[in-house]
Amino acid sequence: MSAIRVENLTKRFGETVALDDVSFEVPEGEFAIVLGVSGSGKSTLLRCINGLTHPTDGQVFVQGDPVTSHRDDVAMVFQQHNIIGGMSAYSNALTGALGRTDLLRSVLRLNKRSDKVRALEALDTVGLLGEAEQRAGRMSGGQQQRVGIARALVQEPDILLADEPVASLDPGSSQTVMRYLRGAAEERGLTAMISLHQVNLARQFGERFIGLADGEVVFDGYSDELTFDVIDRLYGGIDMEEFLAGENGHSEVTG
Ligand SMILES: Nc1ncnc2c1ncn2[C@@H]1O[C@H](COP(=O)(O)OP(=O)(O)OP(=O)(O)O)[C@@H](O)[C@H]1O
């Protein structure tokens, strides 16, 4: 059974066709990247999978069930990490458990011991266990995004979605965040779908690629099929020199 199955998905916003008859399946445990220029429909696709947006036509299935609303086994990491600056990295990560914490306990901050352990384990997965007590607001953008990933992991999802998780980061931090994202998915056996507009990062970290243009799937394949021709079709007029520099450079690993 596929972890994600998208069947003839169409989403219109008034006159705008954000997704046009999109179909694909993602097997369990795959690390898939959604590629495409701004406005190609990447966010809308992820939001339909997460149940945040309802399709105009077609259907999305997660673990075989039709998606009708948000589900706890699907976690999403956003571009704006929505981290609470005044709280520690640990407390931010712990908010991932809110979906299974009753209101009284959450108001009184009486988290279960198992969730506290999960928060620490998740911070360890993203390399931030040593910074657990640090105020998130004092952390770098890359570290904050790693806290955002930890929070998503505490939700204990089977499927991890990330919408442009490195769009606001410098190249070094983007590399680090992608490395932890891929590592977390592998370590925990998650199915992942990440939208990116940086082709070099996508090629470096992706396993499967779904390319969108004007809401349509124009490419669906694996690394060896993601040729420069395909990239040119997706990004029309891309500067190859800059692209190759991006691919070979930026190897610095920072937070
Ligand atoms: N809530 C909305 N209301 C109206 N139009 C929308 C809405 N959300 C998306 N759109 C439109 O749908 C199309 C696809 O947008 P979407 O955000 O999914 O693309 P994207 O590839 O994620 O782009 P970006 O990287 O800029 O977010 C765009 O034309 C966008 O303007």
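**A walk through the model, starting at β1**

Begin by selecting strand β1, residues 2-13, together with strand β4, residues 57-62: the two run antiparallel and are joined by 5 bridges. Keep in mind as you click around that this is a predicted model. To see how the pair lines up, pick Thr-10 and look across to Asp-57, its bridge partner in β4.

Now widen the selection to the whole sheet. It is an open one with 4 strands, paired antiparallel in the order β2-β1-β4-β5. Have a look at the two ends: β2 and β5 (65-66) are the edge strands, and each has a single partner, so one side of each has no neighbour in the sheet.

Next stop, the ligand. Show the residues around the ligand: Phe-13, Thr-16, Ala-18, Gly-36, Ser-38, Gly-39, Ser-40, Gly-41, Lys-42, Ser-43, Thr-44 and Glu-164. Colour them by element and you'll find that β2 (16-27) and α1 (42-49) are the ones giving two or more residues to this shell. Which element has the largest share of the shell? That's α1, with 3 residues. Switch to colouring by class and the shell splits into 8 polar, 2 nonpolar and 2 charged residues.

From here, select strand β3, residues 31-35. Is this strand mostly covered or mostly open? Mostly covered: 4 of its 5 residues are buried. Bring up strand β8, residues 191-196, which runs parallel to β3 and is joined to it by 5 bridges. Val-34 is a handy marker here, with Ser-195 as its bridge partner in β8. Then add strand β9, residues 208-213, which also pairs with β3 in the parallel sense, over 4 bridges. On that side, follow Leu-35 to its bridge partner in β9, Gly-211.

Finish in the core. Nonpolar side chains tend to be buried together in soluble globular proteins. The largest nonpolar core here has 70 residues, and the members touching the most others are Ile-49, Ala-93, Ala-150 and Met-193. Colour by domain and you'll see that this core takes at least three residues from each of domain 1 (1-73 + 158-255) and domain 2 (79-156).

For a last close-up, centre on Ala-93. What is Ala-93 in contact with, leaving aside neighbours within four places in sequence? Select Ala-119, Ala-122, Leu-123, Val-147, Ala-150, Arg-151 and Val-154, and you have the set. Ala-150 should look familiar, as one of the core members that touch the most others.

Definitions and conventions
Residues numbered from 1 in each chain as written. Predicted model: local features only at pLDDT ≥ 70, side-chain atom pairs only at ≥ 80, totals over all residues. Core = buried A, V, L, I, M, F, W, Y, C linked by C-beta atoms within 7 Å. Buried ≥ 20, exposed ≤ 12 C-beta atoms within 10 Å, placed from the backbone. Domains from an automatic or database assignment. Contact = placed C-beta atoms within 7 Å. Near = placed C-beta within 6 Å. Nonpolar A, V, L, I, M, F, W, Y, C, P; charged D, E, K, R; others polar. Pairing = 2+ DSSP bridges.
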